Amino acid sequence: SRSPVLFPEVPAVAMRGGAAVRVVEHRGNGEDRNIKALYLRAIATATREVLISNPYLTDPDIIAALCAKARQGVPVTIITPQNNDFMPAQYATRFYYQQLLDAGVRVFEYTGNDEEGRMAHQKVMIADDVVFSGSSNLDARSLEYNRELNLVISDRDHAAQVRAKLFQVDLAQSDQVLEADTGIREILSWMLSSFL
């Protein structure tokens, strides 16, 4: 019997002008902070917009960077799932809502989960014309302990497609959060979030 082809040949794709693509690895277990540094730098240098869709958004440095960017007048929008598969992470994310709202960040919860109850689980950010996507969440476990791999694609056309086909579609199926309801669940989950 023949063994399966693990790495099939990939046909070349012609792109107008091409796109700059980088692969960013995070080794985890505290060995590096590559992906966190990447996100923080991208947020800090964005001049037109920051869009984030991520199910676990609990890293205080990322939250602070998003708030700082919104206070500078750059539109910042985040989408998290309304029905998360790990409720402590959802409550920890909601703990930050008031801080984000006070800074001018637009916060949405995606309600369009499919019929089988699966939640939106994409991990995508657009900062101006650069798209960041991959395995990394924006929580302590992903940004410090897990092995993660993300792609950074710098291309105006690609960013426009992701904006239209992911963010605009998901925003139409999301509820905007206008005020936060921070209670004991959110506070306790936030206190534990660096261990989740």
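**Exercise 1. Determine in which strand Leu-151 has its place, and which nonpolar surface patch includes this residue.**

Solution. Leu-151 has its place in strand β7, in a model that is predicted. The next step is its accessibility: the relative accessible area of Leu-151 is 35%, and because buried means under 20% and exposed over 50%, Leu-151 counts as partly exposed. Together with Val-21, Val-23 and Leu-149, Leu-151 makes a nonpolar surface patch of about 340 Å². The elements that contribute two or more residues to this nonpolar patch are β1 and β7.

**Exercise 2. Describe the protein chain as a whole: its helices and strands, its buried share, its contacts and its accessible surface.**

Solution. Begin with the elements, for the protein chain has seven helices and eight strands. Then turn to burial: 45% of the 196 residues of the protein chain count as buried. For the contacts, take those in the protein chain with a separation of 6 or more; residues 24 or more positions apart account for 78% of them. Finally, the accessible surface of the protein chain amounts to about 10,900 Å², and 54% of this belongs to carbon and sulfur atoms.

**Exercise 3. Work out the strand order of the sheet, and state which strands are its edge strands.**

Solution. The sheet is open and is formed by eight strands, whose order is β1-β7-β6-β5-β2-β3-β4-β8, with mixed pairing. The edge strands are β1, residues 20–26, and β8, residues 174–177, each of which pairs on one side only. Neighbouring strands of this sheet are turned against each other by 15° on average, with direction ignored.

As a general background to this step, strands of a sheet pair through backbone hydrogen bonds, in either a parallel or an antiparallel way.

**Exercise 4. Follow strand β2: in which sense does it pair with β3, which way do its side chains point, and which helix lies across both strands?**

Solution. Strand β2, residues 50–53, pairs with strand β3, residues 76–81, in the parallel sense and over four bridges. Two positions show the register: Leu-51 stands opposite Thr-77 in β3, and Ser-53 has Ile-79 as its bridge partner in β3. The next step is to sort the residues of β2 by direction, with Val-50 and Ile-52 pointing one way from the strand and Leu-51 and Ser-53 pointing the other way, and all of them are buried.

The helices complete the picture. Helix α2, residues 60–71, lies across β2 and β3 and runs at about 145° to β3. Helix α1, residues 34–45, packs on the sheet and touches β1, β2, β5, β6 and β7, while its direction makes about 135° with that of β1.

**Exercise 5. Account for the salt bridges that Arg-147 and Glu-49 form, naming the partner of each residue and the parts of the chain that are tied together.**

Solution. The structure holds seven salt bridges, and two of them are treated here.

In one of them, Arg-147 pairs with Glu-25, and the closest N and O atoms are 3.3 Å apart. Because Arg-147 lies in the loop between α5 and β7 whereas Glu-25 lies in strand β1, the pair ties together parts that are 122 residues apart in sequence. As to accessibility, Arg-147 counts as exposed at 61%, and Glu-25 counts as partly exposed at 35%.

In another, the side chains of Glu-49 and Arg-163 meet with an N to O distance of 2.6 Å. Glu-49 lies in the loop between α1 and β2 and Arg-163 in helix α6, residues 156–171, so this pair ties together parts that are 114 residues apart in sequence. Glu-49, at 17% relative accessibility, counts as buried.

**Exercise 6. Trace the surroundings of Asp-59, starting from its salt bridge with Lys-36 and ending with Asp-139, which touches it.**

Solution. The side chains of Asp-59 and Lys-36 meet in a salt bridge of 3.2 Å, taken from N to O. This pair links distant parts of the chain, since Asp-59 is in the loop between β2 and α2 and Lys-36 is in helix α1, 23 residues apart. Both Asp-59 and Lys-36 are buried. A network of salt bridges links Lys-36, Asp-59 and Asp-61.

The last step leads to Asp-139, which lies in the loop between β6 and α5, the latter spanning residues 140–145. Asp-139 touches Tyr-56, Thr-58 and Asp-59, when residues up to four places away in sequence are not counted. With a relative accessible area of 10%, Asp-139 is buried, because the cut-off for buried is under 20%.

Note on methods:
Residues numbered from 1 in each chain as written. Predicted model: local features only at pLDDT ≥ 70, side-chain atom pairs only at ≥ 80, totals over all residues. Heavy atoms only, no water. Pairing = 2+ DSSP bridges. Axes fitted to C-alpha atoms, helices over the stretch in contact; angles between N-to-C directions. Contact = heavy atoms within 4.5 Å. Patch = residues over 30% accessible without salt bridge, like charges linked within 9 Å, V, L, I, M, F, W, Y side chains within 5 Å. Areas by Shrake-Rupley, 256 points an atom, 1.4 Å probe, with all protein chains shown as cover. Salt bridge = Lys/Arg side-chain N within 4 Å of Asp/Glu carboxyl O. Buried < 20%, exposed > 50% of the residue type's maximum accessible area, 1.4 Å probe, protein only.
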